[in-house]
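Me: Please take me through the helix and strand geometry of this model, with the cut-offs stated.

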Amino acid sequence: EISVKDKISQIVDILETAGSITFLELFSDNTDRRDVVITFLAILEMVKLTLIRIFQNVKTGIIRIMYI
């Protein structure tokens, strides 16, 4: 099992390399509900800590996460 803190570290590692990613890119095809919840909580905490910004494209609805 992975903690929210560990998930934040994983997301930061990804964003340090990529700069930005879409919300869906954080998940594989076989991601279970628990992983989705942990990832969502990690993202909320990262926004609270002003580590990331989140944007949603009005036309496509795609959610993009950008590293600050």
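The questions below concern one helix and the strands.

This is a predicted model, in which local features need pLDDT of at least 70 and side-chain atom pairs count only at pLDDT 80 or more, while totals for chains, interfaces and linings use all residues. Residues are numbered from 1 along each chain as its sequence is written, and side-chain values use heavy atoms, with hydrogens and water left out.

Me: Which residues of α2 are buried (under 20% relative accessible area, 1.4 Å probe, protein chains only)?
Reply: Helices here are DSSP runs of H or I with at least four residues, and strands are runs of E with at least two, numbered from the N terminus. Helix α2 covers residues 33-48, and Arg33 and Lys48 on its other side are exposed (over 50%). The buried residues are Ile38, Thr39, Ala42, Ile43 and Met46.

Me: How wide an arc do they cover around the axis of α2?
Reply: The buried residues of α2 run from Ile38 to Met46. They lie on the same side of α2 because their arc, taken from the directions from the helix axis to the C-beta atoms, is only 135°.

Me: Which residues does threonine 39 contact, leaving aside neighbours within four places in sequence?
Reply: Threonine 39 lies in helix α2 and counts as buried, at 1% relative accessibility. Contact means heavy atoms within 4.5 Å. The residues are Lys7, Ile11, Leu26 and Phe27.

Me: What is the bridge partner of phenylalanine 55 in β3?
Reply: Strands pair if DSSP finds at least two bridges between them, and five join β2 to β3, which run antiparallel. Threonine 22 stands opposite a residue of β3, arginine 64. The partner of phenylalanine 55 in β3 is likewise arginine 64.

Notes: Expected span 1.5 Å × (residues − 1).
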